[in-house]
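User: Could you walk me through how to read a few features of a protein model? I'd like the general idea each time, followed by the actual case.

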Amino acid sequence: MGAFLDKPKTEKHNEGGVGNRLRYGLCSMQGWRVEMEDAHTAVVSIPHNHLKDWSFFAVFDGHAGARVSAVCAEELLEHITQNEDFRGKPDLTDGTEIQPSIEDVLAGIKKGFLNLDEKMRAMPEVVSGEDKSGSTAVCSIVSPKHIFFANCGDSRAVLCRNGRCAFATTDHKPVNPRERERIQNAGGSVMIQRVNGSLAVSRALGDFEYKNVEGKGPCEQLVSPEPEISVMDRNPDDQFMVLACDGIWDVMSNDELCAFIEYKMKITPSLEEVCNQVVDTCLIKGSRDNMSIVLIAFEGAPSVTEESVKKDKELDERIESKVKEILEREPQENHDFGYVLHAVAEELHEQFPPGGGFQSKKSVIESVYHKLSPNDEQEGGIHLLGNKRKKPSLL
């Protein structure tokens, strides 16, 4: 949903932190959208006495406005941890509160989502009809022994363990059989893969114009605020976890993103820089949406190695040699950047970073090109693949 700019806004917002044997970094960027509607939360130590060794991370992808996503970022954690279903039961031996059980957390997360949705329905701008925004939500609570995932919509979380994607949340799309059945039972329809031909997600917070079917509970409406919740045991082989909006997932698969992040974590210790590289690569790959990503590294995360740094440097050197070779062998009419980019992409296609492809090295290719051919027309930009001259075909 939403219109597009003439050129993307590429300024980035970064955050990072350390705590509870975790490290995190995040990046968000407006991109091609006319408004930044994403929001996020990152809390390495939940500020309650019995939850200080618990952490919370979330990404919210707003649509039709940024109000609901902003409120979610500010309030969802509190609604989860402070409702009666989540709170740990009192210890009868000494009267103190103990940490919540798995069942408490699962129930508390669901209640927190539903309570927040109910509260936002009463916001004056919603009641007046002025604000019709909604937001997907994907979040994770990391306790000393478990990782809880909750997803509502088509933002997604993945867990990388032992070098592969070991878990991923499920996107809630109207075409999914279970989602379609609920929509139809509420009197709606799925057209052009959207709820009533309009909304592209079947679960979200907000979007109250889709939640007014009489006789149906909050989780039975055309659009449901109910999160799908999963829990996994912590494992020494856990490497990292990613929460991201669909602006990332539209152009990268789970396995591609895990492979690319693992590659980058062996080259730079900065999680914010890794996230920046993901966002830049997704922009070049063609993402037209806002982009937000939170990367959480566990103790088993990949670390920088001399070998990886050396191999990446050698790849950059091969890229420089290839650009030079192409400029020397091709006629002047094929010296524009679009042609050179395509040629490099084709001739080195098996050597680029896994998951990132040639797009993740576009800045290197461009830098070398302008160094070797400073007087040629500079077509840098984002629309690098739209050159009208004959180009090699990408494999």
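User: Are α6 and α7 parallel or oblique to each other?

Analyst: Happy to help, and please keep in mind that this is a predicted model. To judge a helix pair, look at the angle between the axes. The axes of α6 and α7 (residues 271–285) cross at roughly 135 degrees and come within 10 Å. Angles from 115 to 145 degrees fall in the oblique class, so α6 and α7 are oblique to each other. Their crossing is right-handed.

User: Which residues of α6 and α7 meet?

Analyst: On the α6 side you will find L257, F260, I261, K264 and M265, and they meet L271, V274, Q277, V278 and T281 of α7. Sorted by class, this contact of α6 with α7 has seven nonpolar, two polar and one charged residues.

User: While we are at α6, what is Y263 in contact with, leaving aside its neighbours within four places in sequence?

Analyst: Y263 belongs to helix α6, which covers residues 254–265. With those sequence neighbours set aside, Y263 is in contact with D312, L315, P353 and P354. Another way to look at Y263 is through C-alpha distances: its C-alpha atom and that of P302 are 8.5 Å apart, while the two residues are 39 residues apart along the chain.

User: Let's try another helix pair. At what angle do α8 and α10 pack?

Analyst: Helix α8 (residues 306–329) packs against helix α10 (residues 362–372) at an angle of about 45 degrees, and the axes are 9 Å apart. That angle makes α8 oblique to α10. In passing α10, α8 makes a right-handed crossing. D316, I319, E320, V323, K324 and L327 of α8 make the contact with V364, I365, V368, Y369, K371 and L372 of α10. By class, the contact between α8 and α10 counts eight nonpolar and four charged residues, with no polar ones.

User: How do α9 and α10 cross?

Analyst: The axes of helix α9 (residues 337–347) and α10 come within 11 Å, crossing at roughly 125 degrees. This makes α9 oblique to α10. The crossing in which α9 passes α10 is right-handed. F337, V340, L341 and V344 of α9 make the contact with K362, I365, E366 and Y369 of α10. The class count for α9 with α10 is six nonpolar, two charged and no polar residues.

User: How many residues of α9 are buried?

Analyst: Here the idea is to ask how much of each residue's surface is left accessible. Nine of the 11 residues of α9 are buried, which leaves this helix mostly covered. The buried residues of α9 are F337, G338, Y339, V340, L341, H342, A343, V344 and A345. They pack against α8 and α10.

User: Now for aromatic rings. What describes a pair of them?

Analyst: Two values describe a pair of aromatic rings: how far apart the centres are, and the angle of the planes. In this model the count comes to five aromatic pairs. One of these pairs is formed by W54 and F148, with 6.4 Å centre to centre and 10 degrees between the planes. Planes under 30 degrees apart count as stacked, and the pair of W54 and F148 is stacked. W54 sits in the loop between β3 (38–43) and β4 (55–63), and F148 in strand β6 (residues 146–152), so their pair ties together parts that are 94 residues apart in sequence.

User: Are W54 and F148 buried or exposed?

Analyst: Both W54 and F148 are buried. There is a cluster to look at as well: W54, F86 and F148 form one aromatic cluster.

User: One last feature, the backbone. What phi does N162 have?

Analyst: As a general guide, most residues other than glycine have a negative phi. N162 is not a glycine, yet its phi is positive, about 55 degrees. N162 is found in the loop between β7 (156–161) and β8 (164–168). With a relative accessible area of 55%, N162 is exposed.

User: And where does N196 lie?

Analyst: N196 lies in the loop between β10 (194–195) and β11 (205–206). Its phi is positive too, at about 50 degrees, although N196 is not a glycine. N196 counts as partly exposed, at 34% relative accessibility.

Methods: Residues numbered from 1 in each chain as written. Predicted model: local features only at pLDDT ≥ 70, side-chain atom pairs only at ≥ 80, totals over all residues. Heavy atoms only, no water. Axes fitted to C-alpha atoms, helices over the stretch in contact; angles between N-to-C directions. Helix = DSSP H or I, 4+ residues; strand = E, 2+ residues; numbered from the N terminus. Parallel < 35°, antiparallel > 145°, perpendicular 65-115°, else oblique. Left-handed = near helix turned anticlockwise from the far one by under 90°. Contact = heavy atoms within 4.5 Å. Nonpolar A, V, L, I, M, F, W, Y, C, P; charged D, E, K, R; others polar. Phe/Tyr/Trp six-rings, centres within 6.5 Å; stacked < 30°, edge-to-face > 60°. Buried < 20%, exposed > 50% of the residue type's maximum accessible area, 1.4 Å probe, protein only.
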